[in-house]
Each structure stands twice: as structure tokens, then as C-alpha cells.
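Here are a few exercises to work through with the model open beside you. Try each one before you read its solution.

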Amino acid sequence: MAATAEDRVVETVPHKLYIAGEWRDGGEGGTLPVEDPATGEVLCEVADATNADANAALGAAHGAFQTWRNVAPRERADVLRRAYDLMMERQDDLALLMTLEMGKPLSESAGEIVYAANFFRWYAEEAVRVNGRFTVNENGKGRVLTLRQPVGPCVFITPWNFPMAMGTRKVGPAIAAGCTCVVKPAKQTPLSMLAMAQILEEAGLPGGVVNIITAKSSGSVMEPLIKDPRTRKLSFTGSTEVGKKLIAQGADQVLRMSMELGGNAPFLVFEDADLDLAVEGALLAKMRNIGEACTSANRFHVHESVAGDFAQRLAARMGDLKIGRGTDPDNKVGPLIDDDQRGKVAGLVEDAVSKGATVAVGGNRVDGPGYFYEPTVLTDVPDSADLLKEEIFGPVAPIKGFSSEEEAIRWANDTEYGLVAYAFTQDISRAFRVIEQLETGMIGFNQGMVSNAGAPFGGVKQSGFGREGGPEGLEEYLEHKYVAMNLGSEPVTP
Ligand code: NAP
């Protein structure tokens, strides 16, 4: 029987570790299963890295750094540009692969491939613009010279929710800066990163610059790498809980780090907002990635004069979305990543309802195979409901009314997280007041999405530190070396 497109895209990607430019089995021959969350069926098995494999990957990154750092910036740029082109040529296959391992609808996977590839294109353009500076001292005598140099071999750990983009937004700037890396994707979604490695190899990236390891026990495999003095930078995207552990592990060697952690995004709708725009923005901020995004609107604070209207319109839109396997283009709501995640979402809804929230739409698991949950809108959500405090990571929109701008800001900032906030208003003075007071790294102003390869993505408070995207994202992979220059024959004195 002829292989289906699904079999073909899964089989085209090597299910192995990629170390020093070679595809290898795990040292002990172990494997781990990759499941389709829409069916619960196993798609394939990928290699399970041992500690020795991880050590070999870091050795390869360390060895390759000695040459890659000196490769001409134009050559590094050309590799990235070719990788961008290849990723775009294979957009459909890569999107299908992503939908199979992660569950999101095909159109969203295709969108993520563009977003992911854009990091390669953006940093291809930045690679040739890494400048130092040269200035005259203020006393007119000496000179200040600064060099910007790559930080060195990096360790990257990525989550399952954006399996391609969370990798390329680290790997793109690292390659551009002259760094090398070991990437460990989440065990649920390793295939996208293996496909990325295949593309980089075809684009001409020398072996050892990017190494991929997949592993069942991420903790025990990654800790030695984080503590290894050859590692000069850790960039992690994932939960705040795991981020804190990794920060502690890297502390001993004062490891340079970027932490892209969890969020609890407030979505503010003021009484003067364009309600059509706000509902469309809400749908995007809530339903993109089935609500499994760090940037997902986690709680909706809506002025009480428009809260009823807003809830009704959002519930109508959410209730209309077709639920089903993401491979069918008609389906707009895919499965959650696994049964644990679905159980957590269901538990949060039950808790809110038991404390007095009203279900405007949804509120149930969907029967049958896969981990589907209905798009859900809850109104009159009490302060005590856990889902106002915790990251929901599912298609649930809790709505709570506010009576003043001051109250809206206070509620928005009442969280230990600070990744993104959304604000909808037509009043320009209010816009600036709100933007300046929100304690987040990013704000979607009259729009429900902030992701953009050319802009600095990142959070404050327990959402982490460091930025990905834009020129700021390249800085994460560069050191400044300052040279104090005496050009005269007199010794320098204090
Ligand atoms: P997670 O459980 O923290 O896992 C993230 C990554 O860390 C995975 O690769 C995981 O590997 C690995 N990991 C887990 N425990 C580890 C340990 N002890 N040592 C080393 N690595 C370890 O998060 P997730 O559930 O995959 O992703 C969802 C979270 O990511 C949410 O909180 C979301 O907000 C956050 N996120 C943040 C951003 C951002 O830019 N701020 C973007 C996307 C997602 P295994 O899965 O193989 O164990």
C-alpha cells in the first residue's frame, strides 16, 4: 500500500540524535515514543540520548566553536538564508509534521513555519552587522575600542507548544553570532527540531555547529551539560518551575542565561474600545495554539458597561469553532498535548464553577480518542478561582468585570508573571497611561498577537529575562570586549 502523506513526512525525518554532523542512535539503543495527541497513537520512536551522548554533543559544539566563530559573517548569513528558503519550500510538509506531533490545526502550523523561518532570514540579515565601536576618551588622550564576540557553545532547551519557532529563535541568532549549540526539544515534539537540523545540514552548516539530542529523562541528561564549564550560555523556554531549577544549576559557574518562562496574560477591554476589534483580538489571543501559548490571554478584564456584550460575542465566536484533528483544514481547535494537560484544564474550570463562575459556552471534555476540550467562556469569575492566578494553557476564557482604569491596572499587575498584556482602547491618553503602568515585557495594543521575528520577545518578573527576536535577540549571543588604548608614549596614571 502506498505511504500516506502523514507516513511520508514522519519517515523523511531521521529519528536519531544529530551530533557532530552525524545521525546516530542513542548510546544504549533506547528510544522514546512520539504520540499524535489527536488519536493517542504512536507516530514513531526517536533515539533516547544517554549522558555519554549528551557529553558528545557538547564536545562537538565546543570543538566546532573554535572554527565557526572565525567563519566569515557573510558565509554564516548565507547558510541561514538558504535554511530560510528550504524551510519555506517545505512549509506544507513541515506544517503537517508539526500538526501530527503537537496537534494544532494545519493552518496554524503553517503559520508557525513562516514565523520560525523568519528567525533564520532576520538573523541572516543581522549576521553581517555585528559592530564594535571606537571612540576618543573624554580627556582627548586614550581611545576606547570595543569588540563584540560570540559567547561560545550554548545549551538550548525548548518546549512542545511551538516545536519549530522556539528552536529557530535561539538557533538563528546563535549561528549568526558565531556560536554553536546543543538543542534538546521537548519529548512530546522532537520531530520539528530534527527536521530543522536536516535543513541546516542541507543549507551547508558544518557538522557540530548545531547538535540535537532527544531524551526521555531531560533532567538527568541536561544537568551535567548546564554545569559543564564548556557551556557558556543556557537559553531555556518552558515553565517557570523548571526555569528556576535550571537557574540554580547554572549558578555555580555563573552561567549566562536567557529564560523565556510562563505567563498569565491579562486582556483589558476598556469602555471606549472598538468591541469588534476586541472580540477578534480576544479570539486570537485565546485560541491561537489551542490556548497552549505562554502569550495566551489567561484572564479577561472587561469594563462592566461592555462586559456582557463582550462575553456574549466572544462565546458565540468560540462556540462556532470546529473541533477535530488538526490535519483536516476545516478543524480550528485541535487536541491538547496530553491527558494530563486536559485534566488540568478541566480541573481549573470545575474549580471556577464550584466557586460561582457561569459557563457561557463549552466547559467539557470531548468524548472519543485524543485530548480534546471544548472552547470555553466563563463569566462572573470570582477572585478566588484558581484559573485567574495559574497559567491555564487551554481554550478557556474567564471574564471578570472592572469599574475603573485604576482597578483594571491593579488586577492586570496582580500576578508574579509579566510576559505580555493586551489592552483595547480608542483613547490615546489612556493608551499611554496603561502601556506605561503594565508590568510586562510586551503589550498587544488593540491586537491579539505580538510574535514577530524583528521584535524583542520576553518577559519581566517570573516570566524570565533575556529577549528573543530583533537586534536584541542577537545581543544575547555576544560579549562586549573593551580595550583601553594608550596611543601615546606617556604611561597612563589614575
Ligand atoms: P516544561 O515542562 O518546563 O518543559 C520545557 C522543556 O524543559 C522541555 O524540553 C522539557 O523536556 C525540559 N525539561 C523539563 N524538566 C527539565 C529538567 N529538570 N531539566 C532540564 N530540562 C527539563 O514546559 P512545557 O510544558 O514543555 O512548556 C510549557 C511552558 O513553556 C509554559 O509554562 C509556557 O508558558 C512556557 N513557554 C514560554 C515561552 C516564552 O517565550 N516565555 C514560550 C513558549 C512556552 P521534556 O519535556 O522532555 O521533559
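**Exercise 1.** Leaving aside its neighbours within four places in sequence, which residues is Q253 in contact with?

Before the solution, some ground rules. This is a predicted model, where local features need pLDDT of at least 70 and side-chain atom pairs count only at pLDDT 80 or more, while totals for chains, interfaces and linings use all residues. Residues are numbered from 1 along each chain as its sequence is written, and side-chain values use heavy atoms, with hydrogens and water left out.

*Solution.* Start by finding Q253 in the loop between α9 (240–251) and β11 (256–260); helices (H or I, at least four residues) and strands (E, at least two) are DSSP runs, numbered from the N terminus. Next, look for contacts, meaning heavy atoms within 4.5 Å. You should get I226, K227, D228, P229 and T231. Take T231: it sits 22 residues from Q253 in sequence, with 9.4 Å between their C-alpha atoms. Then check D228, whose backbone oxygen is reached by the Q253 side chain at 2.8 Å.

**Exercise 2.** Is S463 buried or exposed?

*Solution.* First the scale: buried means under 20% relative accessible area, exposed over 50%, and partly exposed in between (1.4 Å probe, protein chains only). S463 has 0% relative accessibility, so it counts as buried. Compare Q253, which is partly exposed because its relative accessible area is 24%. Now place S463: the loop between β18 (442–445) and β19 (464–465) holds it. Beyond four places in sequence, its contacts include M259, Y417 and L419.

**Exercise 3.** How many salt bridges are there between domain 1 and domain 2?

*Solution.* Begin with the split: domain 1 covers 5–261 + 463–480 and domain 2 covers 265–445, with bounds from an automatic or database domain assignment. Their centres, taken over C-alpha atoms, are 31 Å apart. The contact takes 26 residues from domain 1 and 27 from domain 2. Now count the salt bridges (a side-chain nitrogen of Lys or Arg within 4 Å of a carboxyl oxygen of Asp or Glu): the answer is two. On the side of domain 1 that touches domain 2, α4 (91–102) and α5 are the elements giving two or more residues, and α4 has the largest share, with five.

Separately, try D36 and R325: they form a salt bridge, with the closest N and O atoms 2.7 Å apart.

Conventions: A polar contact is a pair of N or O atoms within 3.5 Å; within protein, one must be able to donate a hydrogen and the other to accept it, and residues adjacent in sequence count only if both atoms are side-chain atoms.
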